[in-house]
Amino acid sequence: MDLLQQLNLPLAEAAEKEIGWNIFFYSGLVFAIVLVFATLAKKDLKNRVFTSLPTRLAEHLYLFLEGMTVNVIGPNGKKYVPFLLAIWTFIFTGNIMGLLLQATPTADWSLNIGMAVITVVYVQYEGIKANGLLGHIKHFSGPKLGGFMILVSGLIFVVEIVSECMKLVSLSLRLYGNIEGGHIVRSSLDSIIAGVPIGGLLLPIKFFTCLIQAFVWTILTCTYLSIATSHGHDDEHEGDHGHQPALTEAHA
Amino acid sequence: MENIAIGIGLAVGIAGLGVGIGQGLAANGGLQGMARQPEAGKQINNSMLLALVFLELVFLLTFVLGFLLMGKIH
Amino acid sequence: MNKFALLGLGAIFIIIGFVVKDQSWTRPEMFAGLQLDLGKTITNIGVFLLFIPVINMYFYVPLKEAMDARNHELESTFTEAEQLRVQMQTLKSDYEARLIKTEAEARETIQNQIKEAQNLRQQLMSEAADRADALIRSAQAEIEQEKNQTIATIRTHVVDLTLAAAQKVIGENMDSEKNRRLIAEFIETVEVAS
């Protein structure tokens with residue numbers, strides 16, 4: 001502590017910065033911004049061609065998420081778009097808010113764990129809905145093995161459960177580390193010369209990070225969903241059929 | 001106490017070094033693949049981003065470790 | 001899942017989060033550096049559970065409906081255009097067929113007319129020939145009749161002359177009635193020579 005205080009490192013300041021439960025004010029702000037955007041976007045929905053900017057952005061967002069689900073999960077992945085839309089808008093709005101305001105819900109690990117819990121639980125819920133409870137549990141035990149190899153299946157089961165928990169940690173930590181790390185770097189740069197916001201130079205790359213983190217969370221959710229909702233052996237043939245047109249298309 | 005602070009700095013620095021090299025390799029492979037097969041660019045891009053994300057996780061774990069150690073300084 | 005169930009669950013989670021806010025187990029000693037607060041986590045689960053159905057109902061559903069409606073409209077417009085094109089094609093082929101039919105009819109009519117005219121001409125010509133024939137025949141008959149009449153007249157004149165001449169030659173005592181008959185009989189026989 002002495003050393004940190006002697007050097008007057010902003011790292012310590014950032015660590016001591018206490019927002020506490022006021023963070024939910026910022027959560028509400030994210031909520032409000034998204035709702036305002038949705039209201040603006042809904043104005044133009046009646047037109048045959050979407051001309052206003054918010055509506056076009058919303059359309060592009062929808063098409064982007066739909067394309068992602070179709071790419072990663074397959075043609076039946078469109079039903080997961082609502083959840084992904086909620087995740088994406090919340091994270092992206094939070095991240096962008098973090099560029100301008102002093103605190104944001106996505107830069108707080110406690111809140112990110114909450115979102116990760118919902119994501120993982122949602123993936124499990126969809127897996128159970130797609131395969132049934134027994135089929136979903138079977139998913140965890142890897143390929144079918146006979147005889148004494150059942151022990152290996154048990155081992156795989158434990159490993160898979162641990163990896164599910166790691167999903168929780170990795171999802172939340174990734175977002176927290178990227179956003180909060182960016183804030184720390186920015187405040188550190190700002191404090192090199194007092195009164196000159198050098199950290200502002202980082203804004204473009206931080207904006208890019210905001211976009212990437214929202215994208216990463218959604219595409220990881222898609223990947224988890226595609227693993228959880230695949231039907232094991234039956235699905236392999238369907239998958240082949242599904243991939244064949246794409247292959248022929250690529251060759252053509 | 002000073003030891004812990006120095007340790008945090010070292011840990012983050014070394015992790016940044018390794019992860020930087022690893023992400024550079026991943027980006028190298030991805031970009032080369034995209035240059036050779038521009039029509040598969042989107043798929044390669046997605047996979048490359050996923051790989052980068054998983055590599056970054058190593059750094060983030062170190063980052064969090066640094067925070068955990070900082071809690072011991074208090 | 002039911003949206004209202006999600007809303008209720010979110011509210012419950014928020015309440016739980018605020019209830020456990022001040023308890024010590026929500027801040028594990030180990031993660032003090034990261035300022036982990038499980039109360040905040042629980043509350044954020046609630047907030048996000050509220051966020052999902054609200055976004056779904058307020059933003060996603062109208063957007064999806066509008067885009068679906070637009071896509072549907074575009075599709076229907078395309079199919080309509082296709083239908084119109086097909087209709088136009090059938091109309092065109094109909095028209096062409098009718099044109100061909102009309103042409104054939106016109107040609108047939110013209111042929112018929114020509115044939116009729118030819119027939120008429122033939123008929124007229126034959127009629128004219130017939131009439132000419134008839135005229136010639138009647139003229140011949142008239143001439144014949146005139147000739148016969150002239151011959152008869154001449155014959156009576158000849159008889160008269162012969163009688164007068166014979167009267168003068170033979171005298172007055174002869175019965176004129178009887179002589180007349182003799183002469184007539186004679187002339188009858190003579191006629192062959194004329």
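Colleague: Which residues of helix H1 of chain C are exposed, and on which side of the helix do they lie?
Modeller: In this predicted model, C:Phe4, C:Ile15 and C:Val19 are exposed, and they lie on the other side of H1(C) from its buried residues.

Colleague: Which residues of H1(C) are the buried ones, then, and what makes you place them on one side or on several?
Modeller: The buried residues of H1(C) are C:Leu6, C:Gly10, C:Ile14 and C:Gly17. Around the axis they cover an arc of only 75°, and therefore they sit on the same side of H1(C). As for what covers these buried residues, H2 of chain C is included.

Colleague: How do you know what span to expect for H1(C), and what span does the helix have?
Modeller: Helix H1, residues 3-19 of chain C, has 17 residues, for which 24 Å is expected at 1.5 Å a residue. From the first C-alpha to the last, H1(C) reaches 24 Å, which is close to that expectation.

Colleague: Why is the contact between C:Asp37 and C:Arg27 called a salt bridge?
Modeller: The closest N and O atoms of C:Asp37 and C:Arg27 are 3.7 Å apart, and the cut-off is within 4 Å, so the pair qualifies as a salt bridge. Both residues lie in the loop between H1 and H2 of chain C, 10 residues apart.

Colleague: What makes C:Asp37 count as buried, and how is C:Arg27 classed?
Modeller: C:Asp37 has a relative accessibility of 5%, and because buried means under 20%, C:Asp37 counts as buried. C:Arg27 has 41%, which falls between the limits of 20% and 50%, so C:Arg27 counts as partly exposed.

Colleague: What separates C:Glu82 and C:Arg85 along helix H2 of chain C, and what distance lies between their closest N and O atoms?
Modeller: These two residues are three residues apart in helix H2 of chain C, so about one helical turn separates them. Their closest N and O atoms are 3.2 Å apart, and since this is within 4 Å, C:Glu82 and C:Arg85 form a salt bridge. With relative accessible areas of 40% for C:Glu82 and 44% for C:Arg85, each of these residues is partly exposed.

Colleague: How do you know that C:Arg107 and C:Glu103 also meet in a salt bridge?
Modeller: The N to O distance is 3.9 Å, and because the cut-off is within 4 Å, the side chains of C:Arg107 and C:Glu103 satisfy the criterion. In helix H2 of chain C they are four residues apart, which means a separation of about one helical turn. C:Glu103 is partly exposed at 46%. Over all chains, a search of the whole structure finds eight salt bridges.

Colleague: Which residues have the most contacts inside the largest nonpolar core, and what does C:Phe48 touch?
Modeller: That core has 70 residues, and those with the most contacts inside it are A:Leu65, A:Trp217, C:Phe48 and C:Phe51. The largest share of the core, 12 residues, comes from H2(C). Leaving aside residues up to four places away in sequence, C:Phe48 touches A:Ala86, A:Ile87, A:Phe90, A:Met115 and A:Ile118. A second, separate core of 14 residues includes A:Trp109, A:Leu173, B:Leu68 and C:Leu34.

Colleague: Which elements of chain C have the lowest and the highest mean pLDDT?
Modeller: Helix H3 (residues 176-190) of chain C has the lowest, 78, and helix H2 (residues 38-170) of chain C the highest, 90. Chain C averages 87, with 95% of the residues scoring at least 70, and for the complex the predictor gives an ipTM of 0.77 and a pTM of 0.70.

Key: Residues numbered from 1 in each chain as written. Chains lettered and ligands numbered in written order. Predicted model: local features only at pLDDT ≥ 70, side-chain atom pairs only at ≥ 80, totals over all residues. Heavy atoms only, no water. pLDDT = per-residue confidence, 0-100. Expected span 1.5 Å × (residues − 1). Buried < 20%, exposed > 50% of the residue type's maximum accessible area, 1.4 Å probe, protein only. Arc of directions from axis to C-beta. Contact = heavy atoms within 4.5 Å. Core = buried A, V, L, I, M, F, W, Y, C linked by side-chain atoms within 4.5 Å.
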